[in-house]
Amino acid sequence: MSSAHPPAHPPALLIRRAELAGGAVGDVLLADGVIRAIGQGLAADGAVTLDAAGGCLLPGLHDHHMHVAASSVALQSVPCGPPEVATADDLARTLAEAPGSGWLRGVGYHDSIAGLLDRHVLDAMRSDRPVRVQHRSGRMWFFNSAGIEALLAAGLPLPAGLEQRDGAWTGRLFDEDRWLRDALAGTPPPFAPVGAALLGWGVTGLTEMSPANAAAEADHFAAQQAAGALPQRVLLAGSLALAGLPERPDLARGPFKLHLHEHHLPDWEATLQAMRQAREQGRGTAVHCVSEAELAFAIGLFDELGPAAGDRIEHGSVISAGLLEALVRLELPVVVQPTFVAVRGDQYHADIPAADWPSLYRLASLQAAGLVLAAGSDAPYGPLDPWAAMRAAVERRTAAGTPFGPAEALTPEAALALFLADPRDLGRQRRIAVGEPADCCLLDRPWQQARSRLEAGLVRGTIVGGALRFVRSEPAPGQRPIA
């Protein structure tokens, strides 16, 4: 269960018999938003008491790369890609059987299902209502004819990304999410579905990485937090227009997001100037790199400017030996998505030459080289569950069970650490220690039992700012943790 938005100063919370780092069991007192004391037999007048019964108490998990609005909408959309949809017949059946009226929104599409969709293909699958299907990369939308007509009816100036061939609309839209939102007269969605799901997984903070984030998006995040719909602390990355974002404990300005596209790399000098502006704002630059060409371009930029605090590489999907050396030289942190191996690994094996497999989604070799790593979900383009990501980092297997770079596997402790990095300083691990923020994730058993499971069901309670925001169930008096 999750509570309503907590008061500004919730009552003190005393957690008894919690397993702490190193396996010791003790009490932890949380008050005024921070960890006030750790010891044996602590007492606090008027404090709410929670018996951890030997369960491991961790700092709250942090998703270091996600897209909150898109994730919220995706929870109400129709899955149109693997594993739910694998063939063109599957897609046709999914669209034909989707209930409701008005816009039908599909997500997660991949070319392996039916190639690059167009309006004619979608018309054959569903023509009685407007349809839009998003490619799993997040860069493309496909529309049927009714969908194109609905967009044109908005009367807005047409963007370059709305594709035409021989004077006719193909039904494809590339890299024009802001225009699409305006054409649909869309308002940002409520974040409650995402906030509640994250609480249930022990996530107390997130880094929002959409490149277009500006003042309007910041206002929506603040409003959703104030309403209790998004209990997590947010580091808001995005555009240079975030320069004036007021600093708050629960909503802080993150890095400038540079979203590279291999086939349309930006102007070199203009990009350097934007990165310089970010530094003048006290911000680093987070660069989206899912190909070797994009990573090489990013490394060239950082080589020219020199690295700065807050700079980071997003994804690092393909890192060859030479590029790894450059990342080490520049000391650039990499924010990885371990679950892509589990959910997309079979497709990577089918589409990518075997000689390139060792460069894909590295983990252990990056750490061995001395790079700082953190992890995010990239939701909705990857699964939101951080425990699935930890498990994928440890197992390194595809959905079909095929090993995928097993030498890149992490220990459970190293996988957990990917989600315990300080979002403001990825090289620092957050701890259960006096003076640290009172953001905690309580497991239902000791770590030595949990490390072999790494499942979301291990989370018994989630505490944000000292307030118990989620509790799965209370054990009976004297009951031992689940074995």
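What follows is a short tour of the overall build of the protein, its aromatic pairs and the setting of one proline. The model is a predicted one, and the values below were computed from it.

Starting with the big picture, the protein is built from 16 helices and 24 strands. Its radius of gyration works out at 23 Å, which agrees with the value near 23 Å for a compact globule of 483 residues. Laid along the principal axes, the C-alpha atoms take up a box of roughly 80 × 50 × 50 Å. Buried positions make up 54% of the 483 residues. Looking at contacts with a separation of 6 or more, 71% come from residues 24 or more positions apart.

On the outside, the accessible surface adds up to about 19800 Å², and carbon and sulfur atoms hold 55% of that. As for charge, the protein carries 40 positive and 53 negative charges, and the mean positions of these two sets sit 5 Å apart.

Turning to the rings, the structure has seven aromatic pairs. One of them is formed by Phe340 and Tyr361: the ring centres are 5.8 Å apart and the planes meet at 85°, so this pair counts as edge-to-face. Phe340 belongs to helix 12 (residues 339–351), while Tyr361 sits in the loop between helix 12 and helix 13 (364–368), so the pair ties together parts 21 residues apart in sequence. Phe340 and Tyr361 are both buried.

Tyr361 has another ring partner in Tyr348, and here the arrangement is stacked, with 5.6 Å from centre to centre and 20° between the planes. Tyr348 is again a helix 12 residue and Tyr361 a loop residue, so this pair links parts that lie 13 residues apart in sequence. Tyr348 is buried, as is Tyr361. Add Phe404 to the picture and there is a cluster: ring pairs join Phe340, Tyr348, Tyr361 and Phe404.

Finally, there is Pro412, a residue of helix 15 (residues 412–417). With a relative accessibility of 9%, Pro412 falls under the 20% cut-off and therefore counts as buried. Leaving aside residues up to four places away in sequence, Pro412 touches Val394, Trp447, Arg451 and Leu454. Arg93 is another matter: this residue is 319 residues from Pro412 along the chain, and the two C-alpha atoms are 40 Å apart.

Key: Residues numbered from 1 in each chain as written. Predicted model: local features only at pLDDT ≥ 70, side-chain atom pairs only at ≥ 80, totals over all residues. Heavy atoms only, no water. Helix = DSSP H or I, 4+ residues; strand = E, 2+ residues; numbered from the N terminus. Rg over C-alpha atoms; globule rule 2.2 N^0.38 Å. Buried < 20%, exposed > 50% of the residue type's maximum accessible area, 1.4 Å probe, protein only. Contact = heavy atoms within 4.5 Å. Areas by Shrake-Rupley, 256 points an atom, 1.4 Å probe, with all protein chains shown as cover. Lys, Arg positive; Asp, Glu negative; His and termini not counted. Charge placed at Lys NZ, Arg CZ, Asp CG, Glu CD. Phe/Tyr/Trp six-rings, centres within 6.5 Å; stacked < 30°, edge-to-face > 60°.
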